[in-house]
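Please walk through this structure with me, beginning with a single loop and moving outward to the sheet and the chain as a whole.

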Amino acid sequence: MITRDVHGIEDLEEAVAGAATDPVQLGRGKIKGRLVFSTFDDLVLTRGQYTGDLTISGTFSDDKIAFGALIDSPNALVCGQPIAPGDFGLFPPGFDHFAVYRGATDYLLFKVAPGVLETFAEEAGWHIKADALSELKLSNLPEIWKRYLGRRAREIATRLDAHPEFEAHPAIAQDIRRELLQLAVESLRTLDLLEPSEDHRVNNSQAVMNEAESWLRKTQGDAINLENLREHLDLSRRQLYRVFETNMGVPPAQFLKNYRLSQVRRALSDATSPTVSVTNVAMNWGFWDLGHFARDYRAMFRELPSATLTRARQG
């Protein structure tokens with residue numbers, strides 16, 4: 001960790017670690033404060049705290065995403081847009097940043113490779129939408145989200161202040177790195193720049209099976225088929241196969257046929273009316289080839305469907 005005291009505008013020519021920034025003082029008086037630069041493996045963090053009226057412009061990184069969270073400032077503009085404590089910005093590689101700060105300013109900014117952020121999001125169950133990281137994103141959020149994100153940023157800043165020696169303790173450094181990336185992912189989610197990861201849904205297969213069972217309870221007859229289930233769950237054929245093999249030990253098509261056969265058996269076993277027929281019940285559950293249906297039924301239940309119906313009528 002490197003700490004630099006700020007005694008004038010010249011000390012802000014590197015207002016962000018590793019970036020050449022161009023500061024311009026706007027009002028009279030001294031610019032005072034400090035800059036703290038920290039490195040967490042593949043992530044570089046800047047904590048800036050200073051008082052004065054000034055502009056700062058420049059490119060944060062040519063190959064990394066810069067993610068900034070404003071902790072405190074009475075009056076700030078970033079790229080012409082007013083921002084307030086709790087707001088954040090995502091600056092793509094090579095973006096030419098321009099900001100105006102007045103009064104006491106406090107911010108966190110870290111730079112990270114796009115692939116690192118994408119990997120972390122995937123591990124958390126999210127997929128970053130296409131082109132989400134390719135252009136400037138400044139928050140325009142409800143107050144409740146601003147307060148939440150601002151509080152998270154302040155908590156991270158407090159941890160940094162409490163552990164100035166964290167670089168000598170890998171566990172603390174990794175924990176802070178994880179918190180920063182979590183803050184980034186949560187911020188992307190509030191901007192609707194994330195979508196559930198397909199692999200995450202497959203890995204969380206029990207939740208998918210619960211959703212499938214709910215769909216089956218609401219669906220009847222020939223509407224119970226592989227394509228309808230796949231579309232309802234929004235999974236590919238490969239993913240649907242993996243979920244059912246993991247939870248049921250059979251492919252989804254086989255499970256759905258067994259499910260419909262079981263529903264036919266229940267209907268025949270509960271039949272009391274003389275108008276109920278094997279043909280009608282079988283066709284109601286999507287079995288149109290009655291010869292194949294009878295063979296499948298007998299293979300499953302060791303009796304013909306007509307025997308099940310006869311026994312039900314005899315009480």
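In this predicted model, Trp288 sits in the loop that links α9 to α10 (290-301). With a relative accessible area of 54%, Trp288 lies over the 50% cut-off, and it is therefore classed as exposed. Trp288 also belongs to a nonpolar surface patch, in which it is joined by Met283 and Leu290, and the three together have about 290 Å² of accessible area.

On the other side of α9 (278-284), the loop that follows α8 (252-269) holds Val276. Is Val276 buried, partly exposed or exposed? Its relative accessibility is 23%, and Val276 is therefore counted as partly exposed, since the buried class ends at 20%. Once neighbours within four places in sequence are set aside, the contacts of Val276 are with Ala271, Val281, Leu309 and Arg313. Of these partners, Leu309 is 33 residues away from Val276 in sequence, while the C-alpha atoms of the two are 8.6 Å apart in space.

The strands offer a second way into the model. An open sheet is built from seven strands, which follow one another in the order β1-β3-β4-β11-β6-β9-β13 with antiparallel pairing. The edges are taken by β1 (2-6) and β13 (137-138), each of which has a single partner strand, so that one side of each has no neighbour in the sheet. At the β13 edge, the partner is strand β9 (residues 88-91), and the two strands run antiparallel and are joined by two bridges. One residue of this pairing can be named on each side, as Leu90 has Lys137 in β13 for its bridge partner.

Within the same sheet order stands β4, a strand of residues 43-51 that includes Thr51. Thr51 has a relative accessibility of 43% and is therefore partly exposed. Beyond its neighbours within four places in sequence, Thr51 is in contact with Lys30, Ile31 and Lys32, and also with Gly103 and Ala104. Between Thr51 and Ile31, which are 20 residues apart along the chain, the C-alpha separation is 5.7 Å.

Another group of strands centres on β7 (residues 75-78), where the side chains alternate: Ala76 and Val78 point to one face and are buried, whereas Asn75 and Leu77 point to the other face and are not. Such alternation between the two faces of the sheet is what a regular strand shows in general. β7 pairs with strand β10 (residues 96-102) in the antiparallel sense, over four bridges, and in this pairing Asn75 stands opposite Arg102. β7 is also joined to strand β8 (residues 81-83), again antiparallel, by three bridges, with Pro82 in β8 as the bridge partner of Leu77. The hairpin of β7 and β8 has two residues between its strands, and Cys79 takes a positive phi near 55 degrees there.

Taken as a whole, the chain has eleven helices and 14 strands. Its radius of gyration is 30 Å, well over the 20 Å that the globule rule gives for 315 residues, and the chain is therefore more spread out than a compact globule. The C-alpha trace spans about 100 × 40 × 30 Å along its principal axes. Buried residues nevertheless make up 44% of the 315 residues. Among contacts with a separation of 6 or more, 71% are between residues 24 or more positions apart. The chain exposes about 15900 Å², of which carbon and sulfur atoms supply 49%.

Definitions and conventions. Residues numbered from 1 in each chain as written. Predicted model: local features only at pLDDT ≥ 70, side-chain atom pairs only at ≥ 80, totals over all residues. Heavy atoms only, no water. Buried < 20%, exposed > 50% of the residue type's maximum accessible area, 1.4 Å probe, protein only. Contact = heavy atoms within 4.5 Å. Patch = residues over 30% accessible without salt bridge, like charges linked within 9 Å, V, L, I, M, F, W, Y side chains within 5 Å. Areas by Shrake-Rupley, 256 points an atom, 1.4 Å probe, with all protein chains shown as cover. Salt bridge = Lys/Arg side-chain N within 4 Å of Asp/Glu carboxyl O. Pairing = 2+ DSSP bridges. Rg over C-alpha atoms; globule rule 2.2 N^0.38 Å.
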